Amino acid sequence: MHCAQYAAGSCRSCQWLDKPYPQQLADKQHHLKTLLSGHPVTQWLEPVFGPESAFRNKAKMVVSGSVERPLLGMLHRDGTAVDLCDCPLYPASFAPVFAVLKTFIARAGLTPYNVARKRGELKFLLLTQSTYSGELMLRFVLRSPTKLAQLRAALPWLQQQLPQLAVISANIQPVHMAILEGEQEVALTEQQALPEIFNQVPLFIRPQSFFQTNPQVAASLYATARQWVRERKIKSMWDLFCGVGGFGLHCADVDTELTGIEISAEAIACARQSADQLGLKKVNFAALDSTHFATAETQVPQLVLVNPPRRGMGTELCEYLSQMAPEFILYSSCHAETMAKDISQLAGYRIERVQLFDMFAHTAHYEVLALLIKCPLQL
């Protein structure tokens with residue numbers, strides 16, 4: 001993949017861009033095997049990967065420059081701005097949208113936020129595309145509600161220029177720190193969920209719900225989890241840290257008792273909408289802390305699926321699962337180091353199979369799926 005910004009030295013987010021892609025995959029697989037070297041693995045599967053460019057479904061753009069000439073991209077530590085509208089990780093459909101948004105910023109009078117001076121209003125633009133419908137979700141991250149009236153007044157022009165904008169909102173982030181978004185979200189369109197479909201499973205993306213950035217590889221990850229679970233004829237399962245429900249909704253059938261737990265109420269609203277559309281009657285999604293939910297339960301299902309954030313499950317949840325001992329644990333991780341640490345704390349389990357999913361080409365990051373099976377008691 002060629003990137004003009006990388007070649008010029010102005011953006012090095014893709015740290016491995018100089019490394020041939022087959023070597024990237026080999027190095028990631030080696031890293032994962034090294035992390036799990038203390039745990040015998042029955043089956044290592046080949047890495048799953050997708051396109052090397054244009055694979056992202058979302059862009060998180062820092063807005064800088066002036067209201068007349070805004071820049072969309074990133075800021076270096078010294079305050080230097082880099083415009084990333086031509087980033088080859090984005091699909092070709094994003095470039096014309098960015099061009100219209102620059103014009104819109106000027107028309108609406110949305111002054112870009114100046115980090116050094118702590119002045120201005122527009123901090124970020126967050127753009128997400130549905131691979132199913134081609135529709136877009138656009139979020140304006142503002143320092144305060146001051147410019148909301150101006151933003152609303154200017155929106156009809158933007159919607160006329162970009163009719164694919166199905167979901168628009170404003171997020172209020174008043175803190176002068178490197179925090180992407182705040183708690184307050186203001187809906188600017190009646191529709192507030194972007195429809196997506198992976199493997200014939202309907203999913204929904206709302207403004208404050210997490211969704212994978214690489215749709216093709218994510219679809220493979222969910223399909224693999226479904227295959228592994230259905231091979232075991234699972235009748236009851238938990239989906240902890242479930243997000244919008246992608247894993248649980250793929251793995252459950254009409255007879256599966258599924259409980260999905262996620263701290264984000266926005267994500268749970270998406271998961272419930274999907275379950276209703278699928279007609280699943282034995283499914284319950286709740287907006288709760290996954291560790292608090294699990295450790296308060298005295299009955300555990302056959303399988304516990306976990307997809308924790310980068311920090312991992314943590315000692316409390318690992319100790320609880322070791323004590324309660326479900327037959328299977330299916331662990332999906334975006335940070336293999338914490339997954340390896342968690343597995344070390346899961347006493348009484350062996351690793352049946354592991355597979356790497358390369359969501360993040362040209363970086364050292366990757367996702368991994370591991371199936372753990374309870375060991376038989378030693379007499």
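How many Å separate the centres of domain 1 and domain 2, taken over C-alpha atoms? The answer is 31 Å. The model shown in these views is predicted.

**View 1. The protein chain is assigned two domains, domain 1 and domain 2.** Domain 1 comes in two stretches, 4-52 and 214-374. Domain 2 covers 58-192. Between their centres, computed over C-alpha atoms, lie 31 Å. Eight residues from domain 1 take part in the contact, and eight residues from domain 2 do too.

**View 2. Domain 1 and domain 2 bury about 530 Å² between them.** Carbon and sulfur atoms give 66% of that area. On the side of domain 1, Gln 5, Ser 10 and Cys 11 stand out: they supply 56% of the area this domain buries against domain 2. No other three residues supply more.

**View 3. Two residue pairs are in polar contact across the interface of domain 1 and domain 2.** Both pairs have pLDDT 80 or more. Salt bridges across this interface number zero. The side of domain 1 that touches domain 2 has three nonpolar residues, four polar residues and one charged residue.

**View 4. Four cysteines carry a "binding site" annotation in an unreviewed UniProt entry.** The entry lists Cys 3, Cys 11, Cys 14 and Cys 87. They span 85 residues in sequence, but no two of their C-alpha atoms are more than 10.7 Å apart, so the four gather at one spot. Cys 3 sits in the segment before helix H1 (4-8). Cys 11 also appears in View 2, as one of the three residues that supply 56% of the area domain 1 buries against domain 2.

**View 5. Cys 334 is the position of the "active site" feature in the unreviewed UniProt entry.** This residue lies in a loop. Strand S15 (328-333) comes before that loop, and helix H10 (336-345) follows. Leaving aside residues up to four places away in sequence, Cys 334 touches Pro 308, Pro 309, Arg 310, Tyr 366 and Glu 367.

Conventions
Residues numbered from 1 in each chain as written. Predicted model: local features only at pLDDT ≥ 70, side-chain atom pairs only at ≥ 80, totals over all residues. Heavy atoms only, no water. Domains from an automatic or database assignment. Contact = heavy atoms within 4.5 Å. Buried area = accessible area lost by both parts, 1.4 Å probe. Salt bridge = Lys/Arg side-chain N within 4 Å of Asp/Glu carboxyl O. Polar contact = N/O pair within 3.5 Å; in protein donor to acceptor, adjacent residues only side chain to side chain. Nonpolar A, V, L, I, M, F, W, Y, C, P; charged D, E, K, R; others polar. UniProt positions renumbered as here; feature names shortened; annotations may be inferred. Helix = DSSP H or I, 4+ residues; strand = E, 2+ residues; numbered from the N terminus.
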